[in-house]
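Biologist: I have a model open and I'd like to learn how to read it. Could you walk me through some features?

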Amino acid sequence: MAIQEVDYIWKNGELVPWHECTTHVLTHSLHYGSGVFEGIRCYYNEETGKSYVFRLQEHMERLIRSCKIALIDIDYTAEELCEATLEVIRANKLPSCYIRPLVYRGYGNMGVNPAGCPTEVIIAVWPWGAYLGDDALENGVSVGVSSWRQRSVNAIPPAMKSTASYMNSILAKMEALEHGYAEAILLNEDGKVCEGSGENLFVVRNGVLSTPPLSDGVLEGITRDTVLCIAEDLDIPALEESLVRSDLYVADEVFMTGSAAELTPIGAVDGRTIGKPGEITKAIQAKFFDIVSGKEEAYLDWLTEV
(Lines give C-alpha, C1' and ligand atoms only; values in the text may rest on other atoms or scores of the structure.)
Protein backbone atom coordinates (compact mmCIF):
# COMPACT_ATOMS: atom_id res chain seq x y z
CA MET A 1 0.00 0.00 0.00
CA ALA A 2 1.53 3.30 -1.11
CA ILE A 3 2.59 5.80 1.52
CA GLN A 4 0.68 9.08 1.44
CA GLU A 5 3.13 11.90 2.00
CA VAL A 6 2.51 14.48 4.71
CA ASP A 7 4.46 17.56 5.82
CA TYR A 8 6.79 16.46 8.62
CA ILE A 9 8.66 13.57 10.19
CA TRP A 10 10.05 13.77 13.71
CA LYS A 11 13.76 12.94 13.73
CA ASN A 12 16.18 13.12 16.66
CA GLY A 13 14.13 15.70 18.52
CA GLU A 14 13.11 17.93 15.60
CA LEU A 15 10.35 18.17 13.04
CA VAL A 16 11.94 17.75 9.63
CA PRO A 17 10.17 18.39 6.29
CA TRP A 18 9.15 15.08 4.73
CA HIS A 19 11.50 15.21 1.72
CA GLU A 20 14.43 16.40 3.80
CA CYS A 21 14.23 13.51 6.25
CA THR A 22 16.91 11.32 4.68
CA THR A 23 19.77 9.07 5.72
CA HIS A 24 23.05 8.01 4.12
CA VAL A 25 23.17 4.94 1.86
CA LEU A 26 25.98 3.54 4.04
CA THR A 27 23.84 3.65 7.17
CA HIS A 28 24.58 0.54 9.23
CA SER A 29 20.97 -0.57 9.57
CA LEU A 30 20.41 -0.44 5.82
CA HIS A 31 23.14 -3.06 5.38
CA TYR A 32 22.66 -5.25 8.44
CA GLY A 33 19.07 -4.77 9.62
CA SER A 34 20.13 -3.36 13.00
CA GLY A 35 16.99 -1.43 13.77
CA VAL A 36 13.83 -1.80 15.87
CA PHE A 37 10.42 -0.30 15.29
CA GLU A 38 6.76 -0.10 16.25
CA GLY A 39 3.45 0.16 14.44
CA ILE A 40 0.71 2.22 16.13
CA ARG A 41 -2.62 3.71 15.06
CA CYS A 42 -4.42 6.93 15.81
CA TYR A 43 -8.22 6.85 15.49
CA TYR A 44 -10.76 9.62 15.00
CA ASN A 45 -14.15 9.77 16.71
CA GLU A 46 -16.51 11.62 14.40
CA GLU A 47 -19.11 12.12 17.13
CA THR A 48 -16.76 13.93 19.52
CA GLY A 49 -14.31 15.31 16.97
CA LYS A 50 -11.42 13.89 19.03
CA SER A 51 -8.45 11.80 17.96
CA TYR A 52 -6.87 9.08 20.08
CA VAL A 53 -3.64 7.11 19.83
CA PHE A 54 -4.25 3.54 20.92
CA ARG A 55 -2.01 2.17 23.69
CA LEU A 56 0.76 4.63 22.88
CA GLN A 57 2.64 4.20 26.16
CA GLU A 58 2.72 0.39 25.83
CA HIS A 59 4.05 0.62 22.29
CA MET A 60 6.85 2.97 23.27
CA GLU A 61 7.74 0.81 26.25
CA ARG A 62 8.02 -2.18 23.91
CA LEU A 63 10.24 -0.10 21.61
CA ILE A 64 12.56 0.61 24.53
CA ARG A 65 12.62 -3.11 25.39
CA SER A 66 13.51 -3.93 21.79
CA CYS A 67 16.42 -1.48 22.01
CA LYS A 68 17.59 -3.19 25.18
CA ILE A 69 17.57 -6.64 23.58
CA ALA A 70 19.31 -5.30 20.45
CA LEU A 71 21.89 -3.37 22.54
CA ILE A 72 20.92 -0.13 20.80
CA ASP A 73 21.52 2.91 23.00
CA ILE A 74 18.57 5.32 23.00
CA ASP A 75 18.56 8.65 24.82
CA TYR A 76 14.78 9.07 24.90
CA THR A 77 12.35 7.72 27.45
CA ALA A 78 9.05 6.14 26.51
CA GLU A 79 7.28 9.25 27.81
CA GLU A 80 9.40 11.55 25.63
CA LEU A 81 8.67 9.41 22.58
CA CYS A 82 4.95 9.60 23.37
CA GLU A 83 5.13 13.40 23.43
CA ALA A 84 7.08 13.41 20.17
CA THR A 85 4.35 11.26 18.59
CA LEU A 86 1.64 13.72 19.55
CA GLU A 87 3.80 16.58 18.28
CA VAL A 88 4.22 15.10 14.81
CA ILE A 89 0.54 14.14 14.50
CA ARG A 90 -0.50 17.70 15.40
CA ALA A 91 2.07 19.21 13.04
CA ASN A 92 0.64 17.19 10.17
CA LYS A 93 -2.98 17.95 11.16
CA LEU A 94 -4.04 14.31 10.85
CA PRO A 95 -7.31 13.23 12.48
CA SER A 96 -6.35 9.56 12.05
CA CYS A 97 -3.11 7.94 10.94
CA TYR A 98 -0.63 5.11 11.14
CA ILE A 99 2.44 5.79 13.28
CA ARG A 100 5.89 4.31 12.62
CA PRO A 101 8.61 4.88 15.23
CA LEU A 102 12.00 3.54 14.12
CA VAL A 103 15.29 3.37 16.02
CA TYR A 104 18.28 2.44 13.92
CA ARG A 105 22.07 2.53 13.81
CA GLY A 106 23.19 5.31 11.50
CA TYR A 107 26.20 6.23 9.38
CA GLY A 108 29.61 5.77 10.97
CA ASN A 109 31.27 2.38 10.66
CA MET A 110 30.80 -0.55 8.29
CA GLY A 111 30.97 -4.18 9.33
CA VAL A 112 28.85 -6.49 11.43
CA ASN A 113 30.07 -4.84 14.65
CA PRO A 114 27.92 -1.68 15.01
CA ALA A 115 30.24 0.01 17.53
CA GLY A 116 30.70 3.66 16.72
CA CYS A 117 27.49 4.05 14.75
CA PRO A 118 25.16 6.74 16.10
CA THR A 119 21.58 5.97 17.09
CA GLU A 120 18.95 7.64 14.91
CA VAL A 121 15.31 7.92 15.99
CA ILE A 122 12.39 8.85 13.75
CA ILE A 123 8.61 8.92 14.13
CA ALA A 124 6.66 9.09 10.89
CA VAL A 125 2.88 9.35 10.49
CA TRP A 126 0.63 9.08 7.45
CA PRO A 127 -2.97 8.20 6.54
CA TRP A 128 -3.36 4.44 6.10
CA GLY A 129 -6.51 2.44 5.56
CA ALA A 130 -7.21 -1.25 6.11
CA TYR A 131 -3.90 -3.12 5.83
CA LEU A 132 -5.31 -6.17 4.00
CA GLY A 133 -7.86 -4.29 1.90
CA ASP A 134 -11.09 -2.42 2.47
CA ASP A 135 -13.21 -5.58 2.27
CA ALA A 136 -11.01 -7.62 4.61
CA LEU A 137 -12.35 -6.37 7.95
CA GLU A 138 -15.92 -7.25 7.03
CA ASN A 139 -15.61 -10.40 4.92
CA GLY A 140 -12.23 -11.85 5.81
CA VAL A 141 -9.27 -12.98 3.74
CA SER A 142 -7.82 -16.18 2.35
CA VAL A 143 -4.44 -17.21 3.76
CA GLY A 144 -1.90 -19.95 3.18
CA VAL A 145 0.60 -21.72 5.42
CA SER A 146 4.05 -20.71 4.22
CA SER A 147 6.88 -23.03 3.27
CA TRP A 148 9.12 -20.61 5.17
CA ARG A 149 9.44 -21.26 8.91
CA GLN A 150 9.43 -18.63 11.62
CA ARG A 151 12.93 -17.71 12.75
CA SER A 152 14.05 -19.57 15.85
CA VAL A 153 13.64 -17.91 19.25
CA ASN A 154 17.38 -18.39 19.72
CA ALA A 155 18.20 -16.84 16.34
CA ILE A 156 16.28 -13.54 16.48
CA PRO A 157 14.28 -13.11 19.70
CA PRO A 158 10.56 -12.63 18.96
CA ALA A 159 10.32 -10.22 21.92
CA MET A 160 12.41 -7.79 19.84
CA LYS A 161 10.46 -6.13 17.03
CA SER A 162 13.44 -5.74 14.75
CA THR A 163 13.84 -4.78 11.12
CA ALA A 164 16.02 -7.88 10.61
CA SER A 165 13.17 -10.18 11.70
CA TYR A 166 11.02 -9.08 8.81
CA MET A 167 13.10 -10.58 6.01
CA ASN A 168 11.47 -13.81 7.17
CA SER A 169 8.06 -12.13 6.88
CA ILE A 170 8.85 -10.63 3.48
CA LEU A 171 9.67 -14.03 2.00
CA ALA A 172 6.48 -15.54 3.43
CA LYS A 173 4.31 -12.61 2.29
CA MET A 174 5.63 -12.66 -1.28
CA GLU A 175 5.13 -16.41 -1.49
CA ALA A 176 1.55 -16.06 -0.23
CA LEU A 177 0.71 -13.38 -2.79
CA GLU A 178 2.25 -15.46 -5.57
CA HIS A 179 -0.06 -18.33 -4.59
CA GLY A 180 -3.13 -16.08 -4.59
CA TYR A 181 -3.46 -15.60 -0.82
CA ALA A 182 -3.79 -12.26 0.97
CA GLU A 183 -1.49 -13.28 3.81
CA ALA A 184 0.84 -16.02 5.03
CA ILE A 185 0.87 -18.06 8.22
CA LEU A 186 4.23 -19.23 9.48
CA LEU A 187 4.94 -22.33 11.54
CA ASN A 188 7.88 -22.45 13.92
CA GLU A 189 10.72 -24.95 13.61
CA ASP A 190 8.73 -27.49 15.68
CA GLY A 191 5.81 -27.24 13.26
CA LYS A 192 3.58 -25.31 15.65
CA VAL A 193 1.42 -22.46 14.36
CA CYS A 194 3.22 -19.20 15.03
CA GLU A 195 1.88 -16.02 13.43
CA GLY A 196 1.22 -14.18 10.18
CA SER A 197 3.86 -12.14 8.37
CA GLY A 198 2.96 -9.25 10.66
CA GLU A 199 0.05 -10.42 12.81
CA ASN A 200 -0.83 -12.62 15.75
CA LEU A 201 -3.37 -15.41 15.24
CA PHE A 202 -6.52 -16.53 17.04
CA VAL A 203 -8.78 -19.52 16.44
CA VAL A 204 -12.23 -20.28 17.82
CA ARG A 205 -13.51 -23.83 18.26
CA ASN A 206 -16.58 -24.85 20.24
CA GLY A 207 -16.85 -21.38 21.73
CA VAL A 208 -13.26 -21.30 23.04
CA LEU A 209 -10.74 -18.73 21.83
CA SER A 210 -7.13 -19.91 21.47
CA THR A 211 -3.89 -18.19 20.51
CA PRO A 212 -0.29 -19.51 20.39
CA PRO A 213 1.75 -18.81 23.54
CA LEU A 214 4.75 -16.47 23.51
CA SER A 215 7.00 -19.49 24.06
CA ASP A 216 6.15 -20.74 20.56
CA GLY A 217 7.96 -17.76 19.08
CA VAL A 218 5.30 -15.09 18.60
CA LEU A 219 5.58 -11.36 19.13
CA GLU A 220 4.04 -10.15 22.38
CA GLY A 221 1.44 -8.26 20.40
CA ILE A 222 -0.35 -5.32 21.97
CA THR A 223 -3.49 -5.94 19.90
CA ARG A 224 -3.16 -9.62 20.90
CA ASP A 225 -3.24 -8.57 24.55
CA THR A 226 -6.19 -6.28 23.82
CA VAL A 227 -8.19 -9.19 22.37
CA LEU A 228 -7.48 -11.35 25.42
CA CYS A 229 -8.72 -8.54 27.67
CA ILE A 230 -11.86 -8.07 25.56
CA ALA A 231 -12.54 -11.83 25.65
CA GLU A 232 -12.38 -11.78 29.45
CA ASP A 233 -14.84 -8.87 29.58
CA LEU A 234 -17.21 -10.63 27.18
CA ASP A 235 -16.98 -13.90 29.16
CA ILE A 236 -15.44 -15.72 26.20
CA PRO A 237 -13.17 -18.57 27.36
CA ALA A 238 -9.64 -17.86 26.11
CA LEU A 239 -6.48 -19.96 26.16
CA GLU A 240 -2.85 -19.48 25.24
CA GLU A 241 -1.97 -22.90 23.83
CA SER A 242 0.14 -24.45 21.10
CA LEU A 243 -1.69 -25.04 17.83
CA VAL A 244 -0.86 -27.19 14.83
CA ARG A 245 -1.73 -26.65 11.19
CA SER A 246 -4.83 -28.83 11.25
CA ASP A 247 -6.26 -26.76 14.12
CA LEU A 248 -6.62 -23.96 11.59
CA TYR A 249 -8.47 -26.19 9.13
CA VAL A 250 -11.09 -27.39 11.61
CA ALA A 251 -11.60 -24.11 13.46
CA ASP A 252 -15.04 -22.51 13.56
CA GLU A 253 -13.46 -19.06 13.27
CA VAL A 254 -9.97 -17.71 12.66
CA PHE A 255 -8.73 -14.13 12.78
CA MET A 256 -5.48 -12.21 12.92
CA THR A 257 -4.57 -9.14 14.92
CA GLY A 258 -2.04 -6.34 14.79
CA SER A 259 -1.80 -2.56 14.76
CA ALA A 260 -1.79 -2.55 10.96
CA ALA A 261 -4.21 -5.45 10.41
CA GLU A 262 -6.37 -4.43 13.40
CA LEU A 263 -8.72 -7.43 13.71
CA THR A 264 -9.03 -9.15 10.33
CA PRO A 265 -11.11 -12.34 9.94
CA ILE A 266 -9.75 -15.28 7.95
CA GLY A 267 -12.21 -16.94 5.59
CA ALA A 268 -10.05 -19.79 4.29
CA VAL A 269 -6.73 -21.48 5.10
CA ASP A 270 -4.88 -23.44 2.41
CA GLY A 271 -8.10 -23.69 0.43
CA ARG A 272 -10.10 -25.04 3.39
CA THR A 273 -13.13 -22.83 3.93
CA ILE A 274 -13.60 -21.35 7.38
CA GLY A 275 -16.48 -19.15 6.30
CA LYS A 276 -17.75 -15.66 7.03
CA PRO A 277 -16.71 -14.00 10.29
CA GLY A 278 -18.42 -15.79 13.19
CA GLU A 279 -20.21 -14.46 16.24
CA ILE A 280 -17.16 -14.37 18.50
CA THR A 281 -14.97 -12.70 15.89
CA LYS A 282 -17.63 -10.06 15.18
CA ALA A 283 -18.29 -9.41 18.88
CA ILE A 284 -14.59 -8.89 19.66
CA GLN A 285 -14.08 -6.84 16.50
CA ALA A 286 -17.01 -4.54 17.31
CA LYS A 287 -15.77 -4.04 20.87
CA PHE A 288 -12.25 -3.35 19.61
CA PHE A 289 -13.34 -0.57 17.25
CA ASP A 290 -15.52 0.97 19.94
CA ILE A 291 -12.55 0.98 22.31
CA VAL A 292 -10.03 2.55 19.90
CA SER A 293 -12.43 5.34 18.96
CA GLY A 294 -13.13 6.28 22.57
CA LYS A 295 -16.65 4.89 22.83
CA GLU A 296 -15.92 2.58 25.79
CA GLU A 297 -15.42 4.52 29.02
CA ALA A 298 -13.89 1.52 30.81
CA TYR A 299 -10.98 1.52 28.35
CA LEU A 300 -10.21 5.23 28.13
CA ASP A 301 -6.91 4.74 29.94
CA TRP A 302 -5.67 2.91 26.80
CA LEU A 303 -6.16 6.10 24.75
CA THR A 304 -3.97 9.16 24.46
CA GLU A 305 -5.89 12.16 23.18
CA VAL A 306 -4.12 14.10 20.47
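Modeller: We'll look at a helix, a loop residue and a surface patch, keeping in mind that this is a predicted model.

Biologist: Let's start with H5. Which of its residues are buried?

Modeller: Asn168, Ser169, Ala172, Lys173, Glu175 and Ala176. The general idea is that an α-helix has 3.6 residues a turn, so residues three or four places apart point the same way. Here, the buried residues of H5 fall within an arc of 165° seen down its axis, so they line one face of the helix. They pack against strand S9 (183-187), while Leu177 and Glu178 are exposed on the other side of H5.

Biologist: How far does H5 reach from its first C-alpha to its last?

Modeller: It covers residues 166-178, 13 in total, and reaches 18 Å, close to the 18 Å expected at 1.5 Å a residue. Just after H5, glycine 180 has a positive phi of about 90°.

Biologist: Now a loop residue. Is arginine 55 buried or exposed?

Modeller: Buried means under 20% relative accessible area. Arginine 55 is at 7%, so it counts as buried. It sits in the loop between strand S5 (50-54) and helix H2 (56-70). Leaving out residues up to four places away in sequence, arginine 55 touches Ile222, Asp225, Thr226 and Trp302.

Biologist: And valine 112, buried or exposed?

Modeller: Exposed means over 50%. Valine 112 has a relative accessible area of 67%, so it is exposed. Its loop runs between strand S6 (97-105) and strand S7 (119-126).

Biologist: Which residues form the nonpolar surface patch with Val112?

Modeller: Val25, Leu26, Leu30, Tyr32, Tyr107 and Met110 join Val112 there, and together the patch has about 730 Å² of accessible area.

Terms used:
Residues numbered from 1 in each chain as written. Predicted model: local features only at pLDDT ≥ 70, side-chain atom pairs only at ≥ 80, totals over all residues. Heavy atoms only, no water. Patch = residues over 30% accessible without salt bridge, like charges linked within 9 Å, V, L, I, M, F, W, Y side chains within 5 Å. Areas by Shrake-Rupley, 256 points an atom, 1.4 Å probe, with all protein chains shown as cover. Salt bridge = Lys/Arg side-chain N within 4 Å of Asp/Glu carboxyl O. Helix = DSSP H or I, 4+ residues; strand = E, 2+ residues; numbered from the N terminus. Buried < 20%, exposed > 50% of the residue type's maximum accessible area, 1.4 Å probe, protein only. Expected span 1.5 Å × (residues − 1). Arc of directions from axis to C-beta. Contact = heavy atoms within 4.5 Å.
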